[in-house]
Amino acid sequence: MRATVCLPTYNELENLEAMVRALGGHLREGDRVLVIDDASPDGTGELADRLAAELPFVGVLHRSAKEGLGPAYIAGFRRALDEGAGLVLEMDCDFSHDPADVPRLIAAAEDGADLVLGSRYVPGGTIPNWGTLRRFISLGGNIYAQIMLQSRLRDLTGGFKCFRAPVLQTVDLGAIGSKGYAFQIETTYRVVRAGFRVVEVPISFSDRELGRSKMSKAIVAEAVWKVPLLRLRALTGRL
Ligand SMILES: Nc1nc2c(ncn2[C@@H]2O[C@H](COP(=O)(O)OP(=O)(O)O)[C@@H](O)[C@H]2O)c(=O)[nH]1
Ligand SMILES: [Mg+2]
(Lines give C-alpha, C1' and ligand atoms only; values in the text may rest on other atoms or scores of the structure.)
(Ligands and ions follow the chains in the order given, each with its own letter.)
Protein backbone atom coordinates (compact mmCIF):
# COMPACT_ATOMS: atom_id res chain seq x y z
CA MET A 1 0.00 0.00 0.00
CA ARG A 2 1.33 3.43 -0.86
CA ALA A 3 1.66 5.73 2.15
CA THR A 4 1.54 9.52 2.35
CA VAL A 5 2.98 11.21 5.43
CA CYS A 6 1.14 14.48 6.10
CA LEU A 7 3.44 17.02 7.72
CA PRO A 8 1.70 20.21 8.89
CA THR A 9 4.06 23.14 9.28
CA TYR A 10 3.87 26.58 10.78
CA ASN A 11 7.25 28.27 11.16
CA GLU A 12 9.31 25.08 10.97
CA LEU A 13 12.19 26.48 8.91
CA GLU A 14 14.80 24.96 11.25
CA ASN A 15 13.21 21.49 11.14
CA LEU A 16 11.61 20.93 7.74
CA GLU A 17 14.57 20.01 5.57
CA ALA A 18 16.11 17.61 8.07
CA MET A 19 12.69 16.08 8.70
CA VAL A 20 11.88 15.53 5.02
CA ARG A 21 15.32 14.05 4.29
CA ALA A 22 15.10 11.78 7.35
CA LEU A 23 11.68 10.57 6.22
CA GLY A 24 13.10 9.91 2.76
CA GLY A 25 15.46 7.40 4.37
CA HIS A 26 12.58 5.43 5.91
CA LEU A 27 9.93 5.47 3.18
CA ARG A 28 9.49 2.90 0.43
CA GLU A 29 9.23 3.31 -3.33
CA GLY A 30 6.01 5.19 -4.11
CA ASP A 31 5.49 6.57 -0.59
CA ARG A 32 5.12 10.34 -0.31
CA VAL A 33 5.54 13.26 2.07
CA LEU A 34 2.95 16.05 1.87
CA VAL A 35 3.94 19.30 3.58
CA ILE A 36 0.88 21.36 4.56
CA ASP A 37 2.04 24.89 5.22
CA ASP A 38 -0.22 27.66 6.48
CA ALA A 39 1.66 30.59 4.90
CA SER A 40 4.41 30.49 7.54
CA PRO A 41 5.99 33.95 7.80
CA ASP A 42 9.47 32.43 8.27
CA GLY A 43 9.61 31.03 4.72
CA THR A 44 8.86 27.36 5.51
CA GLY A 45 6.53 27.22 2.48
CA GLU A 46 9.25 28.40 0.08
CA LEU A 47 11.68 25.87 1.53
CA ALA A 48 9.05 23.17 1.05
CA ASP A 49 8.74 24.18 -2.63
CA ARG A 50 12.52 23.95 -3.09
CA LEU A 51 12.54 20.49 -1.48
CA ALA A 52 9.63 19.37 -3.68
CA ALA A 53 11.53 20.53 -6.78
CA GLU A 54 14.53 18.45 -5.73
CA LEU A 55 12.93 15.36 -4.20
CA PRO A 56 10.31 13.47 -6.24
CA PHE A 57 8.56 12.02 -3.17
CA VAL A 58 7.74 15.46 -1.73
CA GLY A 59 4.56 17.48 -2.38
CA VAL A 60 3.39 20.77 -0.88
CA LEU A 61 -0.06 22.08 -0.05
CA HIS A 62 -0.08 25.82 0.58
CA ARG A 63 -2.89 27.28 2.64
CA SER A 64 -3.49 30.97 2.94
CA ALA A 65 -3.87 31.37 6.71
CA LYS A 66 -3.06 29.66 10.00
CA GLU A 67 -6.23 27.91 11.15
CA GLY A 68 -4.80 25.28 13.48
CA LEU A 69 -3.67 21.73 13.05
CA GLY A 70 -7.13 20.26 12.39
CA PRO A 71 -8.08 22.15 9.22
CA ALA A 72 -4.51 21.74 7.90
CA TYR A 73 -4.70 17.95 8.36
CA ILE A 74 -8.15 17.70 6.81
CA ALA A 75 -6.94 19.53 3.70
CA GLY A 76 -3.89 17.24 3.65
CA PHE A 77 -5.99 14.06 4.03
CA ARG A 78 -8.17 15.11 1.10
CA ARG A 79 -5.15 15.77 -1.11
CA ALA A 80 -3.50 12.47 -0.09
CA LEU A 81 -6.69 10.51 -0.87
CA ASP A 82 -7.10 12.31 -4.22
CA GLU A 83 -3.56 11.28 -5.06
CA GLY A 84 -4.40 7.64 -4.38
CA ALA A 85 -2.70 6.98 -1.03
CA GLY A 86 -3.66 3.65 0.57
CA LEU A 87 -2.32 4.76 3.95
CA VAL A 88 -2.30 8.30 5.33
CA LEU A 89 -0.05 9.30 8.23
CA GLU A 90 -0.10 12.26 10.61
CA MET A 91 3.18 13.42 12.06
CA ASP A 92 4.66 16.56 13.69
CA CYS A 93 7.49 18.32 11.88
CA ASP A 94 9.58 19.04 14.99
CA PHE A 95 11.20 15.59 15.56
CA SER A 96 8.95 14.87 18.55
CA HIS A 97 7.92 11.89 16.44
CA ASP A 98 10.85 9.82 15.22
CA PRO A 99 10.94 9.26 11.44
CA ALA A 100 12.48 5.85 12.17
CA ASP A 101 9.15 4.81 13.76
CA VAL A 102 7.17 5.38 10.53
CA PRO A 103 7.80 1.86 9.15
CA ARG A 104 6.40 0.33 12.38
CA LEU A 105 3.19 2.35 12.11
CA ILE A 106 2.84 1.37 8.45
CA ALA A 107 3.49 -2.29 9.26
CA ALA A 108 0.77 -2.31 11.93
CA ALA A 109 -1.73 -0.88 9.42
CA GLU A 110 -0.70 -3.41 6.80
CA ASP A 111 -1.12 -6.11 9.46
CA GLY A 112 -4.81 -5.21 9.69
CA ALA A 113 -5.28 -2.18 11.93
CA ASP A 114 -7.59 0.47 10.46
CA LEU A 115 -5.98 3.19 12.55
CA VAL A 116 -2.59 2.92 14.23
CA LEU A 117 -1.76 5.28 17.10
CA GLY A 118 1.86 5.98 17.99
CA SER A 119 1.35 5.76 21.75
CA ARG A 120 3.34 7.17 24.65
CA TYR A 121 1.24 5.39 27.24
CA VAL A 122 1.33 1.71 26.31
CA PRO A 123 4.12 -0.54 27.63
CA GLY A 124 7.32 0.39 25.80
CA GLY A 125 6.20 3.97 25.12
CA THR A 126 8.44 6.67 26.63
CA ILE A 127 8.77 10.44 27.00
CA PRO A 128 12.42 10.79 28.00
CA ASN A 129 12.60 14.58 28.45
CA TRP A 130 9.45 15.23 30.45
CA GLY A 131 9.45 16.01 34.16
CA THR A 132 6.81 14.84 36.60
CA LEU A 133 4.48 17.84 36.13
CA ARG A 134 4.24 17.55 32.34
CA ARG A 135 3.71 13.81 32.57
CA PHE A 136 0.99 14.36 35.12
CA ILE A 137 -0.79 16.98 32.97
CA SER A 138 -0.61 14.93 29.77
CA LEU A 139 -1.57 11.67 31.46
CA GLY A 140 -4.37 13.49 33.32
CA GLY A 141 -5.72 14.81 30.00
CA ASN A 142 -5.71 11.33 28.55
CA ILE A 143 -7.43 9.79 31.56
CA TYR A 144 -10.06 12.56 31.40
CA ALA A 145 -10.71 11.77 27.74
CA GLN A 146 -10.70 8.02 28.39
CA ILE A 147 -13.33 8.32 31.12
CA MET A 148 -15.50 10.85 29.27
CA LEU A 149 -15.44 8.87 26.05
CA GLN A 150 -15.49 5.42 27.68
CA SER A 151 -12.39 4.48 25.72
CA ARG A 152 -9.65 2.00 26.54
CA LEU A 153 -7.17 3.71 24.26
CA ARG A 154 -4.23 5.07 26.23
CA ASP A 155 -2.98 7.90 24.02
CA LEU A 156 -5.94 9.86 22.69
CA THR A 157 -4.11 13.18 22.34
CA GLY A 158 -1.05 12.03 20.39
CA GLY A 159 -0.48 13.18 16.83
CA PHE A 160 1.52 10.32 15.28
CA LYS A 161 -1.02 8.15 13.46
CA CYS A 162 -1.55 6.00 10.41
CA PHE A 163 -5.02 5.67 8.85
CA ARG A 164 -6.05 3.20 6.19
CA ALA A 165 -7.59 5.21 3.34
CA PRO A 166 -11.12 3.69 3.66
CA VAL A 167 -11.27 4.99 7.25
CA LEU A 168 -10.79 8.58 6.09
CA GLN A 169 -13.25 7.97 3.25
CA THR A 170 -15.89 6.74 5.73
CA VAL A 171 -15.54 9.30 8.51
CA ASP A 172 -17.16 12.65 7.66
CA LEU A 173 -14.06 14.84 7.49
CA GLY A 174 -16.16 17.94 6.90
CA ALA A 175 -17.90 17.45 10.25
CA ILE A 176 -14.67 17.56 12.27
CA GLY A 177 -14.54 21.01 13.80
CA SER A 178 -11.64 20.68 16.25
CA LYS A 179 -8.48 22.68 15.68
CA GLY A 180 -5.79 21.63 18.18
CA TYR A 181 -5.30 18.62 20.51
CA ALA A 182 -9.06 18.12 20.37
CA PHE A 183 -8.61 17.25 16.69
CA GLN A 184 -6.59 14.19 17.67
CA ILE A 185 -9.19 13.08 20.19
CA GLU A 186 -12.10 13.76 17.83
CA THR A 187 -10.62 11.89 14.85
CA THR A 188 -9.78 8.81 16.92
CA TYR A 189 -13.19 8.84 18.63
CA ARG A 190 -15.03 9.10 15.32
CA VAL A 191 -12.97 6.22 13.92
CA VAL A 192 -13.80 4.06 16.96
CA ARG A 193 -17.50 4.99 16.76
CA ALA A 194 -17.56 4.01 13.09
CA GLY A 195 -16.53 0.50 14.18
CA PHE A 196 -12.97 0.47 12.92
CA ARG A 197 -10.10 -1.37 14.63
CA VAL A 198 -7.60 0.89 16.41
CA VAL A 199 -4.20 -0.41 17.53
CA GLU A 200 -1.61 1.38 19.67
CA VAL A 201 2.10 0.86 19.06
CA PRO A 202 4.65 2.22 21.56
CA ILE A 203 6.72 5.25 20.57
CA SER A 204 9.32 7.43 22.20
CA PHE A 205 8.20 11.08 22.18
CA SER A 206 10.99 13.68 22.36
CA ASP A 207 10.78 17.42 23.00
CA ARG A 208 11.49 19.66 20.05
CA GLU A 209 15.03 21.07 19.98
CA LEU A 210 14.56 23.75 17.29
CA GLY A 211 11.78 26.25 16.64
CA ARG A 212 8.84 27.02 18.90
CA SER A 213 5.72 25.16 19.99
CA LYS A 214 2.37 26.56 18.76
CA MET A 215 0.53 25.15 21.76
CA SER A 216 -1.67 27.72 23.51
CA LYS A 217 -4.15 27.96 26.37
CA ALA A 218 -6.92 28.10 23.76
CA ILE A 219 -5.81 24.75 22.35
CA VAL A 220 -5.90 23.13 25.80
CA ALA A 221 -9.26 24.76 26.62
CA GLU A 222 -10.77 23.49 23.35
CA ALA A 223 -9.77 19.93 24.27
CA VAL A 224 -11.31 20.25 27.74
CA TRP A 225 -14.76 21.39 26.55
CA LYS A 226 -14.82 19.44 23.29
CA VAL A 227 -14.47 16.03 24.95
CA PRO A 228 -17.79 16.07 26.88
CA LEU A 229 -19.44 17.62 23.82
CA LEU A 230 -18.25 14.71 21.67
CA ARG A 231 -19.69 12.24 24.16
CA LEU A 232 -22.97 14.12 24.31
CA ARG A 233 -23.22 14.15 20.52
CA ALA A 234 -22.48 10.43 20.40
CA LEU A 235 -25.13 9.71 23.04
CA THR A 236 -27.73 11.73 21.14
CA GLY A 237 -26.86 10.09 17.83
CA ARG A 238 -25.32 13.18 16.27
CA LEU A 239 -21.78 11.90 15.79
N1 LIG B 1 -0.18 23.94 8.93
C2 LIG B 1 -0.21 24.14 10.26
N3 LIG B 1 0.65 23.45 11.06
C4 LIG B 1 0.60 23.68 12.39
C5 LIG B 1 -0.31 24.58 13.00
N6 LIG B 1 -0.11 24.56 14.35
C7 LIG B 1 0.89 23.67 14.57
N8 LIG B 1 1.33 23.14 13.40
C9 LIG B 1 2.36 22.11 13.20
O10 LIG B 1 1.94 20.96 13.90
C11 LIG B 1 3.04 20.26 14.47
C12 LIG B 1 2.87 20.19 16.00
O13 LIG B 1 2.83 21.49 16.53
P14 LIG B 1 3.67 21.94 17.82
O15 LIG B 1 3.66 23.42 17.83
O16 LIG B 1 4.97 21.25 17.86
O17 LIG B 1 2.71 21.44 18.97
P18 LIG B 1 3.15 20.75 20.34
O19 LIG B 1 3.99 19.55 19.96
O20 LIG B 1 1.86 20.41 20.99
O21 LIG B 1 3.93 21.78 21.09
C22 LIG B 1 4.27 21.05 14.03
O23 LIG B 1 4.77 20.46 12.86
C24 LIG B 1 3.72 22.44 13.76
O25 LIG B 1 4.49 23.19 12.85
C26 LIG B 1 -1.22 25.30 12.13
O27 LIG B 1 -2.04 26.10 12.55
N28 LIG B 1 -1.11 25.03 10.79
MG1 LIG C 1 5.73 19.75 19.03
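The following legends describe close-up views of a predicted model.

**View 1. Helix H5 and its two faces.** Helix H5 spans residues 132–149 and comprises 18 residues. From first to last C-alpha it reaches 25 Å, close to the 26 Å expected at 1.5 Å a residue. Its buried residues are Ser138, Asn142, Ala145, Gln146 and Leu149. These buried residues lie on the same side of H5, because they cover an arc of only 105 degrees around the axis. The face turned away from the buried side carries the exposed residues Thr132, Leu133, Phe136, Ile137 and Ile147.

**View 2. Packing of H5 and the residue that follows it.** The buried residues of H5 pack against two helices, H7 (181–193) and H8 (217–235). Just after H5, Gln150 adopts a positive phi of about 55 degrees.

**View 3. Salt bridge between Lys214 and Glu12.** The closest N and O atoms of Lys214 and Glu12 are 3.0 Å apart in this salt bridge. Lys214 belongs to the loop between strand S7 (198–202) and H8, and Glu12 to the loop between strand S1 (3–9) and helix H1 (16–24), so the pair ties together parts that are 202 residues apart in sequence. Lys214 is partly exposed, at a relative accessible area of 26%, whereas Glu12 is buried, at 5%. Both residues also take part in a network of salt bridges that links Glu12, Asp94, Arg208 and Lys214.

**View 4. Salt bridge between Asp207 and Arg134.** The side chains of Asp207 and Arg134 meet at an N to O distance of 3.2 Å. Asp207 lies in the loop between S7 and H8 and Arg134 in helix H5, so this salt bridge ties together parts that are 73 residues apart in sequence. Asp207 is partly exposed, with 26% relative accessibility, and Arg134 is also partly exposed, with a relative accessible area of 42%.

**View 5. Salt bridge within helix H7.** Arg190 and Glu186 form a salt bridge through their side chains, with an N to O distance of 2.9 Å. The two residues are four residues apart in helix H7 and are therefore separated by about one helical turn. Arg190 counts as buried at 11% relative accessibility, and Glu186 is buried at 0%. In total, the model contains 15 salt bridges.

**View 6. Nonpolar surface patch.** Tyr181, Met215, Val220 and Val224 make up a nonpolar patch on the surface, and their accessible area together is about 330 Å². Val224 is located in helix H8 and is partly exposed, with a relative accessible area of 45%.

Definitions and conventions
Residues are numbered from 1 along each chain as its sequence is written. Chains are lettered from A and ligands numbered from 1 in the order in which they are written. This is a predicted model: local features need pLDDT of at least 70, side-chain atom pairs count only at pLDDT 80 or more; totals for chains, interfaces and linings use all residues. Side-chain values use heavy atoms; hydrogens and water are left out. The expected span of a helix is 1.5 Å times one less than its number of residues. Buried means under 20% relative accessible area, exposed over 50%, partly exposed in between (1.4 Å probe, protein chains only). The arc is that of the directions from the helix axis to the C-beta atoms. Contact means heavy atoms within 4.5 Å. Patches are made of residues with over 30% relative accessible area and no salt bridge: like charges are joined within 9 Å, nonpolar side chains (Val, Leu, Ile, Met, Phe, Trp, Tyr) within 5 Å. Accessible areas come from the Shrake-Rupley method with a 1.4 Å probe; for residues, only the protein chains shown count as cover. A salt bridge is a side-chain nitrogen of Lys or Arg within 4 Å of a carboxyl oxygen of Asp or Glu.
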